[in-house]
Amino acid sequence: MSQSDYLKNLIKDLTPVEIFDYYDIPRFYSCHDKVGQIFLVYWIDETDNYDSWLYLRVSPERYSSLKNGNISVAKVLSNPEEGFAFVMDNYGADFSIAEISTMDIEKEWIPPENYYLSLHESAAPKTLPEKTSSAVEIAKRSDRQVIDLAFIRPSNVYEMGCGKLGRLLDSFQNVIHALSCGKKFDGRNVSEKRKFDSEILATGLFASSFGVRLQSKGGNIFPDDETTNAIKMLAHLLSSLRESETLPEELHHFNVLARSRFKHLLEVIVESDVSIKYDWGYPSGETSQSQISFNEVKQSLQKIKESDSPTTRTVARVGCLVGVDIDSDFFALKIENNEIIKGKLSKSVSDGQFDVPCQINAKLEESCAIDPITDKEKWSYVLIDFERV
């Protein structure tokens with residue numbers, strides 16, 4: 001394919017985004033191509049036979065600055081970031097297009113230096129670029145899962161404290177780590193390999209109060225892969241916040257670490273005083289979107305707190321009973337990897353006979369809670385029953 005044919009195909013496939021100047025026809029507007037790249041299109045000349053247009057690519061940052069009036073139209077059009085632009089002559093039924101360098105952009109084509117756009121949507125200026133593509137569009141193009149998270153603040157400003165944003169993103173990542181371990185996972189810690197495989201990457205910011213685009217790592221898009229399913233399950237749990245009455249039962253289908261971390265995520269959202277809007281997309285075209293108000297998050301969190309089941313389970317452990325204190329209802333059990341877990345004796349076993357040390361099959365009530373100060377998991381145990389091996 002020749003350069004001319006390539007440029008013609010590129011121009012024909014552009015999709016309009018916003019119109020900035022209209023006189024009989026759009027005279028100044030923006031488009032994007034199939035991969036989301038933004039183009040500016042500006043009418044520069046007219047003859048009896050054709051109209052001439054200037055095309056140039058812009059970055060999201062410059063596009064945002066242009067629309068907010070932080071940079072003049074003349075400066076953007078006369079100084080393309082790539083060092084070149086395109087001139088298209090439209091003959092009606094046909095057109096020609098050629099690439100030109102910055103020095104070939106003629107001064108008479110460009111509007112006056114004092115021509116600025118001013119498209120503020122609020123009193124506070126936006127410093128984030130507009131979101132021009134949906135999550136599923138990006139997922140199809142990149143062959144990666146995408147989840148766009150918008151943290152909507154009451155003041156609707158386009159800024160956010162680093163501490164709050166960091167805790168929110170860290171909490172989302174921790175939930176995905178736990179979900180990627182599978183529903184039957186009964187461990188207390190996520191392996192380093194699992195953490196690496198299920199890491200999500202922040203790949204962009206967008207204006208939606210404060211929006212963050214997260215994407216999965218490439219190369220692991222398989223229907224039965226737990227790492228892949230984790231992001232999908234997170235999107236499902238977020239949508240479940242709209243039905244707070246059924247959320248505790250919904251959470252019960254997941255492992256206890258995921259339940260505890262999801263509860264902690266809701267606590268962080270409430271502390272950050274934000275509503276959540278998400279847009280999730282999968283390379284196959286599967287997608288879901290929802291907006292969860294601050295009150296819905298609070299109600300869901302309250303429902304979870306009213307029930308112990310989301311963060312408590314009954315498990316069987318084989319280990320060596322290495323310590324018992326009946327007076328203080330205390331026990332210590334050495335399990336695999338020489339890890340020692342400690343807890344309380346239930347009333348049903350506190351009157352029993354103990355031999356220490358002794359190999360036992362232990363039936364335990366295991367609970368997980370996250371310290372609100374350190375954000376670390378704290379596990380507690382109650383010995384419900386046991387039998388000697």
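## A tour of the helices, sheet and strands

Helix 5 and helix 9 are roughly antiparallel to each other, because angles over 145 degrees count as roughly antiparallel, those under 35 as roughly parallel, 65 to 115 as roughly perpendicular and the rest as oblique. The model is predicted, so local features need pLDDT of at least 70 and side-chain atom pairs count only at pLDDT 80 or more, while totals for chains, interfaces and linings use all residues. Residues are numbered from 1 along each chain as its sequence is written, and side-chain values use heavy atoms, with hydrogens and water left out.

**First stop: helix 5 and helix 9**

Select residues 162-179 for helix 5 and residues 256-272 for helix 9; they pack at an angle of about 165 degrees, with axes 9 Å apart. Helices (H or I, at least four residues) and strands (E, at least two) are DSSP runs, numbered from the N terminus. Axes are lines fitted to C-alpha atoms, for helices over the stretch in contact, and angles run from 0 to 180 degrees between N-to-C directions. The crossing of this pair is left-handed (the near helix is turned anticlockwise from the far one by less than a right angle; clockwise would be right-handed).

To view the contact (heavy atoms within 4.5 Å), display residues including Leu168, Phe172 and Val175 of helix 5, and Phe262, Leu265 and Val268 of helix 9. By class, the contact of helix 5 with helix 9 has 11 nonpolar, five polar and four charged residues. Here Ala, Val, Leu, Ile, Met, Phe, Trp, Tyr, Cys and Pro count as nonpolar, Asp, Glu, Lys and Arg as charged, and the others, Gly among them, as polar.

**Second stop: helix 7**

Keep helix 5 selected and add helix 7, residues 226-240; the two pack at an angle of about 125 degrees, with their axes 8 Å apart. Helix 5 and helix 7 are therefore oblique to each other, and their crossing is right-handed. Helix 5 contributes Phe172, Val175, Ile176 and Leu179 to this contact, and helix 7 contributes residues including Ala230, Leu234 and Leu237. The classes here are 10 nonpolar, no polar and one charged.

**Third stop: the five-stranded sheet**

Next, display the open sheet of five strands, whose order is 8-9-7-10-11 with antiparallel pairing. Strand 8 (200-206) and strand 11 (287-292) stand at the edges with a single partner strand each, so one side of each has no neighbour in the sheet. From one strand to the next, the twist averages 15 degrees.

Select strand 10, residues 275-281: strand 10 pairs with strand 11 in the antiparallel sense over six bridges. Two strands pair if DSSP finds at least two bridges between them. Lys277 stands opposite Gln291 in strand 11. Then add helix 4 (residues 135-142), which lies across strand 7 (146-152), strand 9 (210-216), strand 10 and strand 11, at about 35 degrees to strand 10.

**Last stop: strands 12, 15 and 16**

Strand 12 (residues 312-325) and strand 15 (residues 358-370) pair in the antiparallel sense over 10 bridges, and Leu321 stands opposite Cys358. Strand 15 is also joined to strand 16 by 11 bridges, again antiparallel; Ile360 has Arg388 of strand 16 as its bridge partner.

Finish at Glu377 in strand 16 (residues 377-388). Glu377 counts as partly exposed because its relative accessibility is 26% (buried means under 20% relative accessible area, exposed over 50%, partly exposed in between, with a 1.4 Å probe and protein chains only). Beyond its neighbours within four places in sequence, Glu377 is in contact with Leu257, Arg261, Cys368, Ala369 and Ile370.
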